[in-house]
Amino acid sequence: MINFEETELRLGLPGGSASDHGELTLKGSGGKRVFSETASVDLKLNLSSNNDSASVSTTTEKSKEKTTTVEPTARANDPAKPPAKAQVVGWPPVRSFRKNIVNVQRSNNEEGEKSGGGVAFVKVSMDGAPYLRKVDIKLYKSYQELSDALAKMFSSFTIGKCGSQGMKDFMNETKLIDLLNGSDYVPTYEDKDGDWMLVGDVPWEMFVESCKRLRIMKGSEAIGLAPRAVEKCKNRS
Amino acid sequence: MNIFPDEVIEQIFGYVTSQRDRNALSLVCKNWHKLERCSRKSVLIGNCYSISPERVIERFPELKSLTLKGKPHFADFNLVPHGWGGFVYPWIEALAKTKVDLEKLKLKRMVVTDEGLELLARSFMNFKSLVLLSCEGFTTTGLAAIAANCRFLRELDLQENEVDDHKGQWLSCFPDCCTSLVSLNFACLKGEINLGALERLVARSPNLKSLRLNHTVPLSALQRILMQAPQLVDLGIGSFIHDPHSEVYTRLKNTIIKCKSMTSLSGFFEVLPGCLRAIYPVCMNLTALNLSYAAGIHCRELIKLIRRCGKLQRLWIMDCIGDYGLGVVASTCKDLQELRVFPSVLIGLNGPAGVSEKGLVAISMGCTKLHSLLYFCQQMTNAALITVAKNCPNCIRFRLCILDPTKPDPDTLQPLDEGFGAIVQSCKQLRRLSLSGQLTDRVFLYIGVYAEQLEMLSIAFAGQSDKGMMYVLNGCKKLRKLEIRDSPFGDPALLTDMGKYETMRSLWMSSCDVTIGACKALAEKMRRLNVEIFNENEKVDCSVDGGQKVQKMYLYRTLAGRRNDAPEHVWIL
């Protein structure tokens, strides 16, 4: 008979101590287990540097114990060892067909994506304004900063919010509709591919890499650049 | 029990198409068994070694459509040695000898030869449809035989097969009188094809609805083909490289606008930034989009594209879309039912680091109709899984793969037991589950208790003791396929309920703690199981002591007895 206490599913966040019934011996470290010899691997997948626990070393213990624990070795990447592209056979589980797809173009793409140097001057125009300005968008760290700078530049007009909430606004259809309904001006930009987009629709870093030109236009005119869902809502209202 | 005459019963049976339902019908009484078997048109044999072709033909003489599956699933990941088996020739041979009027053959993970294809092409006058998934062993010569001889061919669908491409003229082998094609997919072929022959074939196939090209078909040819086939519903683009300012490109854009029926796009084996604008006109009608081979598309472009695809139901994509991109999917694709996110790390792309639990949570909040998920990610947390479980209770397939397979919850450093436990408890219709991350026996306890509809379970680098496996075998009543690698389950687990394996299709265990002695004992006791042991390309030494651990074991229920086509390094106990 199953001890039903064991089946108590705690759907809250984990963090409390695991119930240490005799049957499930959860050792402190979370219980590493025995690998048979053939599977002893040093899983140091060559992922981005943000991944801080890419290194999991396992020892090879041919122990007959059912519940042994193997203390995990230091999690930090060992700088002495070369960053091996450790290959566990068949992991990650992806078909060979998929693995063999080689894309020659990718390296070309990456070259194209690199921006030249530490400045990125783009022209800024505003509908109705008699003059063009130029800004170095790399000077700013966020949409909020850019928005503030633009507001100062074209101070006689009111620019719709595209601040730090700007990106989240993008996900929020009603806010976006308000923005485009109002008489405020909204900033738009032309990207590397020649498409005109609403400022705030991609993460900031991506915006800096791809923005070629800025244009501040009336909200109602910018509706054509909005995601289709928003367009549909506006047409219905 | 015969209230109605047989003809009426047969008529009623005609409305029952699911194999499981028909199996149930055949158990009611002898008469129903006879009526059912004589009228069954379509048969699926999930394991080609579970029964002999002769017995299938004997039972279902009116067979028109046969589906066969060969190698175990882990063969996809190079875990099954070359030459293991799954040969389709004996089946084609057996069918050819009889009066079976075969119209459709669908094979998955089988070894297909040119001889087999030639025999197939010659033997069945009304043959209409050949679908090969993840098969190998044949060349374009075999395809030429199919093209040349199957006069009423409607469908030739080749998905992810390993084909030896002799760069021959197989496409030209479709005779001029062949005008019946509805679906042609040769995306997996590596060699060039005769473009003129392709264009002429498309021009004389008014019913063509699905066309998937390989990477050698250039944009210019695509444009000419689309001019001939604006009725296409499903298109697989080969190469999408061209100068966005060129005339060819402009012509393509104008041609694509005419494809009003197009709802499914895939391919893009070669693509440059800026080229995707040509397909913007069809985006709003797309219900299926497969960009998982398109390593050339930047995240930014993906986002722009997806924003236009409000009707998507199925999306296959690479993880360079990132968590933010998945957020865009979540806010745009409200009808999304199936999502697959593949790892770009495989092809050496060094971009922003893939996707994490954040992307999955966003999807679960935005895409309430989601029922199938395959997700390769950098990390996952229990909190995220619990949220996903709450948001997507209708999930049927949940396959998670963390690239570091034993990674715990990065926030709490706990195993992911609670997270997966929430999934199985909430998703009451869950039929398929793949686990990943650091996991103890606890997760298997949850699975055994809650996963009542589970049919297929994939386990890797998980668990602590035999109890884990035992919870699953004891609890999951509907389990059909269990595959386990690199987990500490041994003989007690294997032998705890030997009868269970006759209720399942198969069990795979590799790099576990199972010994030869236990496998022998199991094979001895259970005569209707084939227990196979193999190591990588070494002949298994039958004289070793029973205590030695087995590298790979695959067992399956069968009525066909031992198979005699196994290579030397596969030992059938």
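**Notes on the predicted two-chain model**

1. Confidence in chain A comes up before anything else. The average pLDDT there is 60, and 39% of the residues score at least 70. This is a predicted model, and two stretches of chain A call for care. Over residues 11–85 the pLDDT stays under 50, although the model has 128 contacts for this stretch beyond four places in sequence. Residues 162–168 of chain A are also below 50, with 15 contacts in the model beyond near neighbours in sequence.

2. With that caveat, here is what chain A looks like as modelled. It has 7 helices and 7 strands, and their order from the N terminus is β-β-α-α-β-β-α-α-α-β-β-α-β-α. Of the 237 residues in chain A, 43% are buried. Taking contacts between residues at least 6 apart in sequence, 56% of those in chain A join residues at least 24 apart.

3. On to chain B, beginning with an annotation. The UniProt record, an unreviewed entry, puts "domain: F-box" at residues 4–45 of chain B. In the model that span is 60% helix and 10% strand, and 31 Å separates its end C-alpha atoms.

4. Helix α3 of chain B, residues 30–39, is worth a look down its axis. Which of its residues are buried? They are B:Asn31, B:Trp32, B:Leu35, B:Glu36 and B:Ser39. These buried residues of α3(B) fall within an arc of 125° when seen down the axis, so they line one face of the helix. The cover over them includes three other helices of chain B: α1 (6–13), α2 (19–25) and α4 (53–59).

5. B:Ser65 sits in strand β2 of chain B, which spans residues 65–69. Is B:Ser65 buried or exposed? With a relative accessible area of 14%, B:Ser65 is buried. Beyond its neighbours within four places in sequence, B:Ser65 touches B:Lys41, B:Ser42, B:Val43, B:Leu102 and B:Lys104. B:Lys104 turns up again in the next point.

6. Strand β4 of chain B (residues 129–133) is mostly covered, with 5 of its 5 residues buried. B:Ser129, B:Val131 and B:Leu133 point one way from β4(B), B:Leu130 and B:Leu132 point the other way, and all are buried. What does β4(B) pair with? One partner is β3 of chain B (residues 104–108), which runs parallel to β4(B) and is joined to it by 5 bridges; here B:Lys104 stands opposite B:Ser129. Another is β6 of chain B (residues 155–159), also parallel and also joined to β4(B) by 5 bridges, with B:Val131 opposite B:Asp157.

7. The connection into β4(B) deserves its own point. Together β3(B), helix α6 of chain B (residues 114–123) and β4(B) form a β-α-β unit, and that unit is right-handed.

8. Further along, strand β15 of chain B (residues 372–377) has 6 of its 6 residues buried, so the rest of the structure largely encloses it. Both faces of β15(B) are covered: B:Ser372, B:Leu374 and B:Phe376 lie on one side, B:Leu373, B:Tyr375 and B:Cys377 on the other, and all are buried. On the pairing side, β14 of chain B (residues 338–342) runs parallel to β15(B) and is joined to it by 4 bridges, B:Glu338 having B:Ser372 as its bridge partner.

9. β15(B) also pairs in the parallel sense with β16 of chain B (residues 397–402), over 6 bridges. The bridge partner of B:Tyr375 in β16(B) is B:Leu400. Getting from β15(B) to β16(B), the chain passes through helix α15 of chain B (residues 382–391), and the resulting β-α-β crossover is right-handed.

10. Last, a residue outside the strands. Where is B:Lys167 found? It is in the loop between β7 (162–164) and β8 (183–185) of chain B. B:Lys167 is exposed, at a relative accessible area of 56%. Even so, setting aside neighbours within four places in sequence, B:Lys167 is in contact with B:Thr140, B:Gly191 and B:Glu192. The C-alpha atoms of B:Lys167 and B:Thr139 are 9.5 Å apart, with the two residues separated by 28 places along the chain.

Methods. Residues are numbered from 1 along each chain as its sequence is written. Chains are lettered from A and ligands numbered from 1 in the order in which they are written. This is a predicted model: local features need pLDDT of at least 70, side-chain atom pairs count only at pLDDT 80 or more; totals for chains, interfaces and linings use all residues. Side-chain values use heavy atoms; hydrogens and water are left out. Buried means under 20% relative accessible area, exposed over 50%, partly exposed in between (1.4 Å probe, protein chains only). Helices (H or I, at least four residues) and strands (E, at least two) are DSSP runs, numbered from the N terminus. The arc is that of the directions from the helix axis to the C-beta atoms. Contact means heavy atoms within 4.5 Å. Two strands pair if DSSP finds at least two bridges between them. A crossover is right-handed if, with the strands pointing away from the viewer, the path from the first strand over the helix to the second runs clockwise. pLDDT is the predictor's confidence in each residue, from 0 to 100. UniProt positions are given in the numbering used here, feature names are shortened, and annotations may be inferred rather than shown by experiment.
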